[in-house]
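Biologist: Hey, got a minute? I'm new to this one and would like a quick tour.

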Amino acid sequence: MVIEKLSLTCDRLLSHRQLACCQSFCGIPLAGTKMQIYTNTDIEHKPLLLTGHHGEISAMTFGKGSRPVLLCSASADYIIVWDIELCQKRTKEGKVAAGTVIGSLLGEVVYLSFCFSDERVAACSGATVYILSSKRHEVISTLTSHLRPLTSAEFCPWDKDILVTTSEDRTFKVWDLKTEAVCYQSFVLSASPLLSVFFLEENRHLITGSTDGQCHLVTKMDLQKMEKRHQMRRGTVSDQAGLTEKSAVDEVEISKPVLGVCSSFVDTGIEHKKDHSWLFIGSSDCLYVVDLATSELLKALYFKDYPNLSVTMAGSWSIAPGWDNSMVFLVSSLFTPCVVLLDLRLCDLERTWACGEGFSVFPSSPLLLESPLNAELKKKKKPEHPKKKGGIKEQPLVFHSKVKSSGYTSAPRNIMFSPKTNIQKNPSSKTANKNIGLLLRDYPADSAAPTIPHMHLSIVNKPVHCLQYSGDGKQVLCGLGDSSVFLYKSSLAGNPTVYTGHDKPVSSVSWSLNRQWWLSASEDQSLRIWTHGSPEPAIIMGDSLFSKPIRSAQFYYLDKFLLMASGPSLYLYLYNVDITHDDIKRYQQRSLIKLARCITTTSATDITALSSINDFFSYIVLVCGSDRSIQVFDMNSGTVAAALPDAHSRAVHCITQNKGSMFSTQAPDSYNLFLTSAVTDGVKIWDLRTLRCVRRYENHLNRCHPCSSAISPCGRFIASGSEDNCAYVYDIRSSRYLHRLKKHSDTVLSVTFNPATPELLTGTLDGKLRLFQSSSGALLSQDTSAAVDRISHTTA
């Protein structure tokens, strides 16, 4: 996977020097004042020798362009720019290769960089950065503001007049080169000096790396924590306390300085895998490959795993994209005078990363004989009353006191038929035909995101903890912090139906698939199932059945089971709803419940959230634990099939699967995606097939409250609550938000999409509801509701 193409033994240590590497060439100092330039594709070819410095060369860098290829080198006496192709031509002609001196006597230069047009060069010397012309001896500007020596400087790729510098004072500054002033100064980012800076042109982000191994990219990435999490997922780290025998090397904790950073667009070469961008971070003992979409570590390539390499510890890195979907790395040894050129094939790395068997929400095998999903509930047989003796008594044939006459005694009619003329047509017939035409209307797959405010409603001055639409999109349940459940029409018009009975805030609500009943779970360790037209629950599950509050509950397996989580246990209950009551014993519950299976998480950690699909048969149940893990339960076998440790930096408080709706159709593989939300760690989308995070969404603010997230029925949008009194709508394909829905009165706790029409409903911390519609779907709400009504009447 990692190939050593070149290994050179130098006459001095180059561990902390800036070396030069680009797609075609690499440059290495020779004898202090000279340079050797190698061709990456033909290492055996004689290197180009460049002379001209009188002092020891301290920094080198190649330009950003490919024609001509420019090289800038710096020493205490001169800063020189070389045209590599011109120098090669002069050397072939027997002439001495010469460069252009663009600066002199600027002190010890530790870092050089070209702008993206190769017209200017930034040179860091002490606490000053000099902006030089690359064509002549000219100092364009001198910038001084840092308190300690500079470590790096880079030009902005999308704005030629922006420069970013890092320093040992642990801050970075953004300079406006037109005014030669600081337009942004960061706070102290790390306890250690900042070493490197890198721009991500694709999404216009900035990365800084420090000596303690932290990369700051919108959210902070800690290399040591990422490495440990990566090892735990691969099963290389054991949590058993009895494992005390470790080598002395493993017991020493070393720092992970960020010595080099570069990104590359990866052409995977695999049909079912989309191309994406990776970030390559060079450290002292390892090369880290990070997925930019998720900020997750994909691979850690350790020097110790490649005994044939000439380098065991790195002092400096120079990273550049190579030819044929590869990366090239020029690495200097930390303790020995050695420099190596490494080559990494990204396709091989992608295939290694992509291997592994995952799961699918769709069953691939029949139920096992001992599967808990085969459980059945035996209903009570009604007692057979003995027949009474004495025969059948005479009973009236009708139940009315008066019977209409047959008409035999009335006078005969003279006019048998009289046609009606001048009758007006009933306009309702057109409506009926229109509704029939709407029966086949699908959820608009190409509609815009719901961002237009349509309705604002104040319920109570208590948090809206959970929201869920019915499967037909006609009604919505609201679980509130005052222990009540409100049932609204989807338009939020009219007064709601209020259901009370819980003693503590409602933690979750769920509709049954047939929409005949729904459940509510509460912090009071009880669950209730409600039916239409009755203010009293048909089933009450409490009475010390659960030792801890019910964090989440729902219907499962096409309404066959009740699925709920309490403490470290996942409960699977059979049930039968019987709404009949004895007039004398009207408070006696006739509905039945039976425990089918109770499964405990692997580490006995408390469950914080769960999700499963009820719209079709699925064996998979996803469970999140307080130990920050995600566990995949296989309900066919009743076991934990897989576990993802440290899925977030905090415990997951919300997990949502891509379930679609009865009005939309998605690609089968799309149903294997699911979202997780955690405080301070944003929203992640995962692929069940690979058990890996595929993208991260973190533009919203979530520091303390459990803000939920949801996927639209079309599978194109993601909505998330936020603590800045806004709701955020993301494109599922991009980490940047599409819309920021403002004017909420408080923190947005709950979000949910209408399954029938492009609408988004939000609930806030102070008990307010806001309904948003799509610009292309605002007119569909009433029509779709009418179509569903028509379906209900025709099937009744």
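Modeller: Sure, and keep in mind that this is a predicted model. Let's start with R148, which counts as partly exposed because its relative accessibility is 43%.

Biologist: Okay, and which side chain does R148 meet in a salt bridge?

Modeller: That's E168, with 3.6 Å from N to O. E168 sits in the loop between β15 and β16, and R148 in the loop between β13 and β14, so the pair ties together parts that are 20 residues apart in sequence.

Biologist: Is E168 buried or exposed?

Modeller: In between: E168 counts as partly exposed because its relative accessibility is 30%.

Biologist: How many salt bridges does the structure hold?

Modeller: There are 24. One of them joins D11 and R12, whose closest N and O atoms are 3.5 Å apart.

Biologist: What about E698, which residue does that one bridge to?

Modeller: E698 forms a salt bridge with R696, at 3.7 Å between the closest N and O atoms. R696 is buried, because its relative accessible area is just 7% and the cut-off is under 20%. E698, at 22% relative accessibility, counts as partly exposed. Both belong to one network of salt bridges with shared partners, along with E296, D681 and K684.

Biologist: Switching topic: how covered is strand β42?

Modeller: Mostly covered, with 5 of its 6 residues buried. The strand spans residues 607-612.

Biologist: And which strand is β42 joined to?

Modeller: To β43, residues 620-625, through 5 bridges, and the two run antiparallel. For instance, S611 has L622 in β43 as its bridge partner.

Definitions and conventions: Residues are numbered from 1 along each chain as its sequence is written. This is a predicted model: local features need pLDDT of at least 70, side-chain atom pairs count only at pLDDT 80 or more; totals for chains, interfaces and linings use all residues. Side-chain values use heavy atoms; hydrogens and water are left out. Buried means under 20% relative accessible area, exposed over 50%, partly exposed in between (1.4 Å probe, protein chains only). Helices (H or I, at least four residues) and strands (E, at least two) are DSSP runs, numbered from the N terminus. Two strands pair if DSSP finds at least two bridges between them. A salt bridge is a side-chain nitrogen of Lys or Arg within 4 Å of a carboxyl oxygen of Asp or Glu.
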